[in-house]
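Please open the structure in your viewer and keep the selection tool at hand. The stops below are meant to be taken in order, each with something to select and something to look for.

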Amino acid sequence: MVDNVAGLARTGLRDWLVQRVSAVILALYTLFLLGFLLLNPDLQFADWQGLFAQGWFRMFTLLSVLSLAGHAWVGVWGVSTDYIHPYWLRLLFQVVVILALVVFVAWAVEILWGN
Amino acid sequence: MRFSIYRYDPEQDQAPRMQDYHLDVEAGDMMLLDALMLLKAEDESLTFRRSCREGVCGSDGMNINGVNGLACVTPMSSLREPVVLRPLPGLPVIRDLVVDMSQFYKQYEKARPYLINETPAPRTERLQSPEDREKLDGLYECILCGCCSTSCPSFWWNPDKFMGPAALLQAYRFIVDSRDQATEERLADLQDAYSVFRCHGIMNCVAVCPKGLNPTQAIAQIKTLMLRKSA
């Protein structure tokens with residue numbers, strides 16, 4: 001067994017599960033949005049705002065943003081461990097990605113529930 | 001028949017080079033290995049491994065026109081000329097087409113490719129039902145030629161941490177064996193981020209396996225079993 005002292009890697013099983021579940025959520029969200037756009041060809045800003053005014057859709061959106069962050073992290077972690085060999089550069093890259101993802105999630109919350 | 005073959009002798013050469021060869025014989029139903037033997041008769045410095053010459057020993061795995069395969073079961077008539085031969089990718093070259101398989105075997109060892117069963121051995125043998133025996137089909141046939149693992153980018157980048165398709169096929173062969181008692185332990189050993197989970201399912205292994213086996217499917221079964229035990 002390969003132990004990961006850094007803890008950033010966690011277990012492979014958990015990462016794999018995160019990637020699969022988040023992919024399903026993202027697929028559902030994408031299909032829903034596509035369907036919504038197709039069913040509303042004359043979409044006005046008010047309709048769009050109306051959609052986002054509903055609590056369930058905000059939750060659905062937040063869930064999708066969290067899924068996107070989790071999905072991206074698992075993928076980017078994999079790619080960075082494959083291709084960025086100096087450990088300090090890899091760590092720097094991973095920290096920047098984590099910070100960016102946290103900011104994106106917080107930003108999404110602000111957009112969804114802010115004024 | 002025209003060939004372009006990777007030549008490298010670390011003791012003499014600064015760098016690897018490609019050397020052109022010519023054979024003035026009809027390909028007929030000749031296999032690539034037959035052609036290589038004829039070339040070696042002309043140039044004895046050309047080095048490659050071979051033994052059984054019928055796809056059973058797994059010695060003559062090499063990269064043939066960009067695709068890994070066994071020279072002994074690859075018909076010359078199926079190859080575009082010049083036939084470009086290189087050693088299996090991703091492993092250190094000992095000489096010409098001969099690679100150092102140590103890393104590959106180390107990963108094979110990690111799969112613990114033997115039955116673990118603490119109960120006293122019965123007088124004759126440990127019996128299996130035909131159904132349980134059937135689960136080993138498509139797994140036990142592996143000849144460890146290394147064509148699959150050396151065609152896998154995950155194995156190229158992390159040969160020390162990712163076990164590779166060949167070793168994982170063997171790992172599953174013992175996980176699924178009804179006579180083995182260490183199933184849980186075997187699964188627990190593989191839960192880290194690399195050993196199994198570096199497989200992203202690109203299926204190069206399935207495409208090149210000379211025995212027509214499906215390591216990707218075995219890997220997926222390992223993941224499913226792990227999930228079932230952990231959820």
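The tour begins with confidence in chain A and then moves through chain B.

**Stop 1: confidence in chain A.** Bear in mind from the outset that this is a predicted model. Colour chain A by pLDDT: the chain averages 90, and 91% of its residues score at least 70. Select residues 4–9 of chain A, where pLDDT stays under 50 and for which the model has 7 contacts beyond four places in sequence. Where pLDDT is low, the predicted coordinates should not be read in detail. For the helices, select α2 (residues 45–53) of chain A, where confidence is lowest at a mean of 93, and then α4 (residues 87–113) of chain A, where it is highest at 96.

**Stop 2: chain B as a whole.** Now show chain B alone, whose secondary structure comes to 8 helices and 7 strands, and whose C-alpha trace spans about 60 × 35 × 30 Å along its principal axes. Of the 231 residues in chain B, 38% are buried. Among the contacts in chain B between residues at least 6 apart in sequence, 65% join residues that are at least 24 apart.

**Stop 3: the two domains.** Colour residues 2–99 of chain B as domain 1 and residues 102–230 as domain 2, following the domain assignment. The C-alpha centres of these two domains of chain B lie 29 Å apart, and 14 residues of domain 1 are in contact with 14 residues of domain 2. On the side of domain 1 that touches domain 2, β4(B) gives the most, with 4 residues.

**Stop 4: the nonpolar core.** Select B:Leu32, B:Ala71, B:Leu168, B:Ala171 and B:Ile222, which have the most contacts inside the largest nonpolar core, a set of 59 residues. The elements of chain B that give two or more residues to this core include β1 (2–7), α1 (32–42), α5 (164–175) and α8 (215–230), and the largest share, 8 residues, comes from α5(B). Because domain 1 (2–99) and domain 2 (102–230) of chain B both give residues to this core, it lies between them. Stay with B:Leu32 and display what it touches, not counting residues up to four places away in sequence: B:Ile64, B:Ala71, B:Thr74, B:Met76 and B:Leu79.

**Stop 5: the open sheet.** Select the 5 strands of chain B that form an open sheet with mixed pairing, in the order β2-β1-β5-β3-β4. At the edges stand β2 (17–22) and β4 (67–70) of chain B, each with a single partner strand, so one side of each is left without a neighbour in the sheet. Neighbouring strands of this sheet are turned by 35° against each other on average, direction ignored.

Begin at the β2 edge, where β1(B) and β2(B) pair in the antiparallel sense over 6 bridges, and where B:Tyr6 has B:Met18 in β2(B) as its bridge partner. β2(B) is hardly covered, since the count of buried residues among its 6 residues is 0. Then move to β3(B) and β5(B), which pair in the antiparallel sense over 2 bridges; here the bridge partner of B:Asn63 is B:Arg86 in β5(B).

**Stop 6: a residue in helix α8.** Finally, is B:Gln217 buried or partly exposed? B:Gln217, found in helix α8 of chain B, is partly exposed, with 16 other C-beta atoms within 10 Å. Draw a C-alpha to C-alpha distance from B:Gln217 to B:Pro122: the two are 95 residues apart in sequence and 33 Å apart in space.

Conventions:
Residues are numbered from 1 along each chain as its sequence is written. Chains are lettered from A and ligands numbered from 1 in the order in which they are written. This is a predicted model: local features need pLDDT of at least 70, side-chain atom pairs count only at pLDDT 80 or more; totals for chains, interfaces and linings use all residues. pLDDT is the predictor's confidence in each residue, from 0 to 100. Two residues are in contact if their C-beta atoms, placed from the backbone, lie within 7 Å. A residue is buried if 20 or more other C-beta atoms lie within 10 Å of its own, exposed if 12 or fewer, and partly exposed in between; C-beta atoms are placed from the backbone. A nonpolar core is a set of buried Ala, Val, Leu, Ile, Met, Phe, Trp, Tyr and Cys residues joined through C-beta atoms within 7 Å. Domain bounds come from an automatic or database domain assignment. Two strands pair if DSSP finds at least two bridges between them. Axes are lines fitted to C-alpha atoms, for helices over the stretch in contact, and angles run from 0 to 180 degrees between N-to-C directions.
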